[in-house]
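User: Could you walk me through this model with me asking and you answering? I'd like to start with confidence and then turn to the strands and helices.

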Amino acid sequence: MKQEQKIDLSHYVSNLDKNVYTIFNLPEEVIAVIFAYVSRSSASFRDNLRKLLSDEELNVNLKTTGAAREHSEKAARFHEKWVVGYGHSSVAEHAVAHIGIEKISRLASAELELANPFNSFTEYSQRYQRPKRGDFYVPPVLEQNPGLKEKFLSLQDKAYDTYEQLLDGLISYLVKVIPQNPGESERACQMRIEKIAFEDARYVLTLATFTNLGMTGNGRALRDTLVRLLSSPYDECRKLAKEMEREISQVIPTLLKYVKPNDYLLHTREKLKELFSGQVPSLQPVHGPRARMVHIPDYEEALTELVTRLLISETALSYEQAQQQARSYSKEQKEHIAETALSELRFFDNPRWEFDHIHYQFELLISEANWHQLLRHNRRTHFSHGLPTIHLGYTIPPHIREAGLEERFESFLHEAENVYQDIESWNPEAAAYVVTNAHHRQVTATASLWELYHLINLRTSPEAQWDIRQTFLSLFEELKTHHPALAKYAQRRIGN
């Protein structure tokens with residue numbers, strides 16, 4: 001306890017009183033632990049850091065000064081010349097910053113996670129933690145319309161009330177239908193049931209709800225991220241970019257010079273918005289998530305491409321020679337080669353990189369809750385996504401139906417839709433913050449077979465959340481139907 005009182009966090013974080021700050025002067029493993037805590041702990045990164053630094057087992061040198069803020073003039077001149085002056089931006093990938101970001105909306109967290117694929121995130125999980133009343137973002141533009149602001153605030157309070165009602169109802173139902181596992185304590189069983197209830201009740205929370213996340217990125221990715229956020233239509237994202245730039249500049253100052261909104265992104269978005277004005281979908285019937293392949297390569301051509309790449313990797317053949325050899329094999333022979341390249345995959349293994357050359361396109365109509373999970377756990381998926389909306393229906397968690405809570409759930413969603421429409425006609429960006437976790441977002445994606453192996457293996461396991469599991473089970477069934485030999489080992493966590 002005495003040691004904890006002596007800890008001066010200013011040696012390890014760039015500020016003690018703001019919601020965005022960098023973390024430095026610590027072993028990388030310690031920073032990883034701090035970010036890992038965010039999924040299960042409601043405490044801030046700084047509070048978790050203080051707790052960790054008090055742990056004698058970590059043996060962190062508490063006498064370290066804030067030297068990490070300093071940068072040598074020589075390094076600064078080098079970066080100024082090669083990164084800024086000559087555009088040799090690959091150099092920036094060797095400079096890294098760790099950032100704690102607190103009290104941003106779920107809408108902004110998704111925009112941040114989409115801004116650059118080379119950043120790494122760990123985010124507060126609504127599946128494991130109970131939100132606090134009043135923890136939500138209010139778009140500043142609503143100050144110009146007091147009537148709509150009052151509706152917005154009232155809806156956010158109603159969202160929390162409905163969440164609490166659903167949570168109580170779900171727990172009362174689940175304790176009756178979920179048995180205690182052999183060897184499981186009553187407390188452990190209760191916590192397991194509460195987790196399931198959190199998981200389903202959160203579908204009525206809106207995209208305004210606050211979240212926290214830990215982020216790590218290299219200088220190049222962070223610079224591109226800030227440009228993207230500064231070019232966002234959302235005021236919150238633009239403000240977040242400025243706060244991030246301020247804090248990151250204390251760690252890697254030179255690499256963020258001349259960060260500004262991107263005219264191409266700004267002007268093109270406005271032109272496309274004008275070009276596509278009026279293209280609003282009619283309200284769709286309520287249904288659960290939809291996932292389907294929209295482009296699957298020809299099976300034998302996919303096998304041929306895979307075998308061609310494997311031949312190149314294991315021989316001295318040119319592409320033309322390897323392709324000619326691959327085409328000479330029968331389908332059965334190519335399937336056998338694919339089996340050989342896959343059969344030794346273990347629980348956590350990924351396929352060889354040759355599988356990255358076979359690409360699939362798929363369409364998803366999924367809940368915002370599902371979308372946020374997909375953003376955090378994909379590795380190499382390329383997304384095109386629609387805006388947050390109430391016009392594409394919503395997902396009702398199965399336990400909500402089973403517990404007889406469907407009417408209460410839908411009543412709130414319809415109220416949210418009415419408020420959305422009132423605000424949308426005045427300011428569409430502000431309206432996005434009343435979209436709930438249950439409402440559907442339109443997503444199209446391109447992913448390689450390598451990436452599908454990662455997603456299917458991770459997201460169809462029994463431990464996966466039911467919503468995203470249904471999504472990837474649908475895609476897996478299509479993959480098995482059209483490409484049986486290539487899909488055979490994708491679902492390794494529960495057997496083949």
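User: What is the mean pLDDT of the protein chain?

Analyst: Happy to start there; keep in mind that this is a predicted model. Of the residues in the protein chain, 83% reach a pLDDT of 70 or more. The mean pLDDT of the chain is 87.

User: Which element has the lowest mean pLDDT, and which the highest?

Analyst: The low end belongs to helix 1 (residues 2-6), with a mean of 49. At the other end, a mean of 98 makes helix 11 (residues 299-314) the highest. So the pair you asked for is helix 1 for the lowest and helix 11 for the highest.

User: How many contacts does the stretch 63-72 have beyond near neighbours in sequence?

Analyst: Some caution first: where pLDDT is low, the predicted coordinates should not be read in detail. Over residues 63-72 the pLDDT is below 50. In the model, the contacts of this stretch beyond near neighbours in sequence number 18.

User: Is strand 6 largely enclosed or open?

Analyst: Strand 6 covers residues 359-367, and 7 of its 9 residues are buried, under 20% relative accessible area. Because of that burial, the rest of the structure leaves strand 6 largely enclosed.

User: Which residue of strand 6 is the bridge partner of Arg-290?

Analyst: Strand 5 (residues 290-295) runs antiparallel to strand 6, joined by 5 bridges. Within strand 6, the partner of Arg-290 is Leu-365.

User: Which residue in strand 8 stands opposite Ser-367?

Analyst: Strand 6 also pairs with strand 8 (residues 440-448), in the antiparallel sense and over 9 bridges. Opposite Ser-367 stands His-440.

Notes: Residues numbered from 1 in each chain as written. Predicted model: local features only at pLDDT ≥ 70, side-chain atom pairs only at ≥ 80, totals over all residues. Heavy atoms only, no water. pLDDT = per-residue confidence, 0-100. Helix = DSSP H or I, 4+ residues; strand = E, 2+ residues; numbered from the N terminus. Contact = heavy atoms within 4.5 Å. Buried < 20%, exposed > 50% of the residue type's maximum accessible area, 1.4 Å probe, protein only. Pairing = 2+ DSSP bridges.
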